[in-house]
Amino acid sequence: MASSIDRPSRPRHRAGRRTGAPARVRGRVASAAVVLVVLAALNGCGADTGTAVRDAPVSGAPDTAGAVPGTAGVEPGATGTAQGRAGAGAKTRAPARIPGLGPRTRAWIPANARQVVVVTGRGKDANHSRVVLYEHTGSGWEGGPAWPAHNALRGWTDDHWAGDLRSPIGVFTLTDAGGLLPDPGTRLPYDQSQGFAVGGTGFEGEPLEGSFDYVIAIDYNRVPGTSPLDRTRPLGADRGGGIWLHVDHGGPTQGCVSLSEHHMEELLRALDPERHPVVVMGDADSLRE
């Protein structure tokens with residue numbers, strides 16, 4: 001569920017390299033007005049316009065160069081994708097392509113991206129998915145563990161509109177983060193604000209409190225380099241917006257992708273703006289195109 005509320009610009013806290021878990025300052029007693037404003041803004045779990053849109057591949061992005069035979073159609077995070085003989089004690093090498101992504105999807109990934117968060121939905125109309133962070137090692141892509149996640153109630157779409165209750169399919173940059181809790185040690189710009197307080201219940205009656213303790217803005221219909229709370233919608237409000245990665249509340253979202261709080265902390269600490277991180281998201285069949 002993502003939210004964006006109008007508010008004056010103010011200095012943003014730049015993330016430090018602190019270690020250890022942040023103190024859980026559950027100061028969610030934001031004024032009732034703030035909570036109501038946030039709830040009123042929940043019309044797309046955070047997504048509108050894209051930095052890279054589905055029908056406009058990023059120029060210069062790699063497609064088939066360095067391809068590893070036999071990896072097409074393999075799900076992200078799947079084992080056994082490294083090629084070559086694996087004798088006793090032999091090291092498997094990272095695949096030259098990210099498994100599970102077809103040529104059109106790969107064409108949308110910027111050539112300079114060295115961190116790719118792949119969100120793979122179970123089906124076009126499903127609201128369960130999994131998330132794998134891939135990092136380029138210099139010789140190939142190495143994937144981390146697969147994390148369970150939720151996406152929008154009605155699944156996925158490559159033509160997202162506000163209120164359609166579907167997550168947008170595509171490749172989008174990841175430039176900004178924030179949350180109700182203090183910065184857990186990310187290198188992304190981080191905006192800690194009471195504007196991330198939320199209440200109420202989700203589609204399955206689950207409490208939404210804490211959903212925005214940590215968020216990473218997905219650059220769909222937003223201006224990169226601003227707080228996730230910024231309401232600027234370059235494509236217009238009717239195309240949705242406020243699409244985020246955020247803390248899972250135990251049910252489907254309005255358009256966002258949600259992970260456990262622990263995995264959100266891990267992802268925030270891992271992402272490095274110097275590695276130009278992007279998210280690749282959609283149902284499995286669409287990503288294989």
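This is a short group-meeting talk about one protein chain and how its strands, core and loops fit together.

Okay, hi everyone. Before anything else: what we have on screen is a predicted model. So how confident is the predictor here? The mean pLDDT of the chain is 77, and 68% of the residues reach 70 or more. Keep an eye on the start of the chain, though. Over residues 1–43 the pLDDT stays under 50, and it stays under 50 again over residues 46–90. The model still has contacts beyond four places in sequence for those stretches: 125 for residues 1–43 and 112 for residues 46–90.

Now let's go to the strands, with β4 as our guide. Which way do β3 and β4 run relative to each other, parallel or antiparallel? They're antiparallel, and they pair over seven bridges. A hairpin of six residues takes you from β3 into β4. If you want one pair to click on, try Val-119, whose bridge partner in β4 is Val-131.

β4 has other partners too. With β6 it pairs over four bridges, again in the antiparallel sense, and there you can find His-128 bridged to His-150 in β6. Then there's β5, residues 141–143, which is antiparallel to β4 and joined to it by three bridges. His-136 sits opposite Trp-141 of β5. These two strands make a hairpin as well, with four residues in between, and Gly-138 in that turn has a positive phi of about 105°.

Next, the inside. A general point to hold on to: in soluble globular proteins, nonpolar side chains tend to be buried together. In our model, the largest nonpolar core has 29 residues, and the members touching the most others are Val-117, Ile-216, Ile-218 and Leu-267. Which elements give two or more residues to this core? The strands are β3, β4, β6, β13, β14 and β15, and there's a helix, α3, covering 261–270. So you've just met β3, β4 and β6 as pairing strands, and here they are again as core contributors.

Let's zoom in on Leu-267. Skipping its neighbours within four places in sequence, what does Leu-267 contact? The list is Val-117, Leu-133, Trp-147, Ile-216, Leu-245 and Leu-259. There's also a second, separate core with 14 residues, including Ile-109, Ala-113, Tyr-134 and Val-171.

Last stop, the loops. Leu-180 lies in the loop between β10 and β11. Is Leu-180 buried or exposed? It counts as buried, because its relative accessibility is 4%, and the cut-off for buried is under 20%. Leu-180 and Ser-193 are 13 residues apart in sequence, yet their C-alphas are 5.4 Å apart in space.

Two more loop residues and I'm done. Most residues other than glycine have a negative phi. Leu-165 has a positive one, near 60°, and you'll find Leu-165 in the loop between β7 and β8. Its relative accessibility is 14%, so Leu-165 counts as buried.

His-276 has a positive phi too, near 55°. That residue is in the loop between α3 and β15. Where does His-276 fall, buried, exposed or partly exposed? At 36% relative accessibility, His-276 is partly exposed, because that class lies between the 20% and 50% cut-offs.

Okay, that's my tour. Thanks for listening!

Notes: Residues are numbered from 1 along each chain as its sequence is written. This is a predicted model: local features need pLDDT of at least 70, side-chain atom pairs count only at pLDDT 80 or more; totals for chains, interfaces and linings use all residues. Side-chain values use heavy atoms; hydrogens and water are left out. A nonpolar core is a set of buried Ala, Val, Leu, Ile, Met, Phe, Trp, Tyr and Cys residues joined through side-chain atoms within 4.5 Å. Buried means under 20% relative accessible area, exposed over 50%, partly exposed in between (1.4 Å probe, protein chains only). Contact means heavy atoms within 4.5 Å. Two strands pair if DSSP finds at least two bridges between them. pLDDT is the predictor's confidence in each residue, from 0 to 100.
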